[in-house]
Amino acid sequence: MLSCSRSQCCKLSSARTLRRRNASLQATNASVNALIASGSSDANAYPASRSGPLAGMSVAVKDNICTKSLPTTCSSRILEGFTSPFDATVVSLLSQGGAGIVGKANCDEFGMGSLNVHSVHGPVVNPFGFASGERRSAGGSSGGSAAAVAAGICDAALGTDTGGSVRLPASYCGVVGLKPSYGIVSRWGVVSFADSLDCVGVLGRDILTVKRVHRTISIYDSRDPTAAPSSVRKRAAELQRNRLASLQDGQLTGLRIGIPQEYFPTELQPSVIDSVRQVLTSLKARGAALVPISLPSTPYALSAYYVLSSTEASSNLARYDGIEYGLRVEPPLGANLTKTANVYAHTRSLGFGKEVQRRILLGAYALSADAFENYFLQAQRVRNLIKADFDRVFRIPNALRASEHVALLERGIDIIIHPSAIQTAPQLPVDTIDTSSDSSSLDAYVQDVLTVPASLAGLPALSIPAGQGEDGWPIGVSVVGQWGSDELVLAVGEIIEKCRAETT
């Protein structure tokens, strides 16, 4: 009779448990469509380790973040089958921290979308509707990352946030999502959509998980030209130190919370307002002061965002020409090849989806000689006004321009709280093969109306679950801080999480 040692039996038992878990996760993913490439199917290319700040944690990585052992397609046909020769800085930091990467997360093509329906891999289904069988959007563009966390496929996930692409899915799926201050997390190895707006964000089941991952990846990277230098990071930490110290006991005495009147449009669902009001009541009970504020440039933020992001996209996506890498479609016989455009136009027409093509055309037009002044430069002016609005209401000075201030302002607010989205997760279109008609409506663009101002200003913003709507689906509330106040935003989010736990 064969016998085995206790250690061998433990290994066999662990292997069987791992196989069962992988089979269960694959079955879940088949219903959600959150992951489009699995680490387990690639000989466990990024295994978790038993040491490090993220030891044993499972993390999914958005498909527009480069990984050398898993494909990076940006959910686009034009990059079908492409594998990067290197890992992005954030991927390397995750591995060094002990996390295991379970796979690449589905997303809107090149990060362009609010509902995660513009993907060559198909739409992501919000896992919150499993019990009822209702098919709703997981939000976009980081819908796959949020759905993977919400479905229990992983502990945390990396996404990218250009105008709300981490916070909106977090709100729809009922998870925590952080967009850090612009320049705090390295973008080296992240496929560009809009360079002046793109941020690598974190989604997790709770604040503690998000905080652990964020602290691991928020390291200065000299390879990223947009990274905030160490001296600025140190200045930001000093400016928020006193506020953080006052929150250590869970009380909010002295904390001033701004409530912006422009963030409650008529389109806002009543149940969303009720959830925000409950959060504010809980924070006030802990000693916080609620201060009505006005950010008058907010109504122009959405228009400015779509002009600026589209112009940057039209420039960044010019590199996909079917010559160097990715998809190549040969010109038809008899085509005029004396013009360069005729060589790569066929590749771009078939490789890019309708939404990406739409934004490239919009961006190219905004940069044209006839429209440059009226669109691009005007949008830049609006962006500066939005930044000035935020700097005016915060009493913590902006660390990027801290030399202009000698001390904290006596008046002003410490953080801003507002709804993360105007509604709960919308229904997925019945026809998921061609969603171009749905996406062309303004409704799809309006989803970002509450999230783009913080993106234009480069501020840290956190979406945290705050209840459920009348339809029983998740509602999120956002906490926004001054540039560099990421830890303060997370600390307030942690208190909101505790308040929610006490009342449910």
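By class, how many nonpolar, polar and charged residues does the lining of the largest cavity have? I'll start there, and then move to a helix. Keep in mind that this is a predicted model.

The answer is 3 nonpolar, 7 polar and 2 charged residues. The charged ones are Arg359 and Asp448, both of which line this cavity. Several glycines are in the lining too, among them Gly111, Gly113, Gly140, Gly163 and Gly164. Phe193, Tyr305 and Tyr306 also line the largest cavity. The space inside is about 60 Å³.

How many cavities of 30 Å³ or more are there? The count is 2. The second largest cavity holds about 30 Å³ of space. Its lining includes Asn64, Thr160, Thr162, Val190, Val191 and Asp198. By class, that lining has 4 nonpolar, 4 polar and 1 charged residues. Gly111 and Phe193 appear in the lining of both cavities.

Now the helix. Arg359, from the lining of the largest cavity, is one of the buried residues in α10. Helix α10 runs over residues 354-366, which is 13 residues. From first C-alpha to last, α10 reaches 18 Å, close to the 18 Å expected at 1.5 Å a residue.

Which residues of α10 are buried? They are Glu355, Val356, Arg359, Ile360, Gly363 and Ala366. These residues lie on the same side of α10, because they cover an arc of only 135° around the axis. On the face turned away from that buried side, α10 carries Lys354 and Leu361, which are exposed.

That is what I have on the cavities and the helix.

Technical notes
Residues numbered from 1 in each chain as written. Predicted model: local features only at pLDDT ≥ 70, side-chain atom pairs only at ≥ 80, totals over all residues. Heavy atoms only, no water. Helix = DSSP H or I, 4+ residues; strand = E, 2+ residues; numbered from the N terminus. Expected span 1.5 Å × (residues − 1). Buried < 20%, exposed > 50% of the residue type's maximum accessible area, 1.4 Å probe, protein only. Arc of directions from axis to C-beta. 1 Å grid on protein atoms, 1.4 Å probe; cavity = no way out; pocket = protein on both sides within 12 Å on 5 of 7 lines; lining within 4 Å. Points joined across faces, edges and corners; volume = space filled by probe spheres on them.
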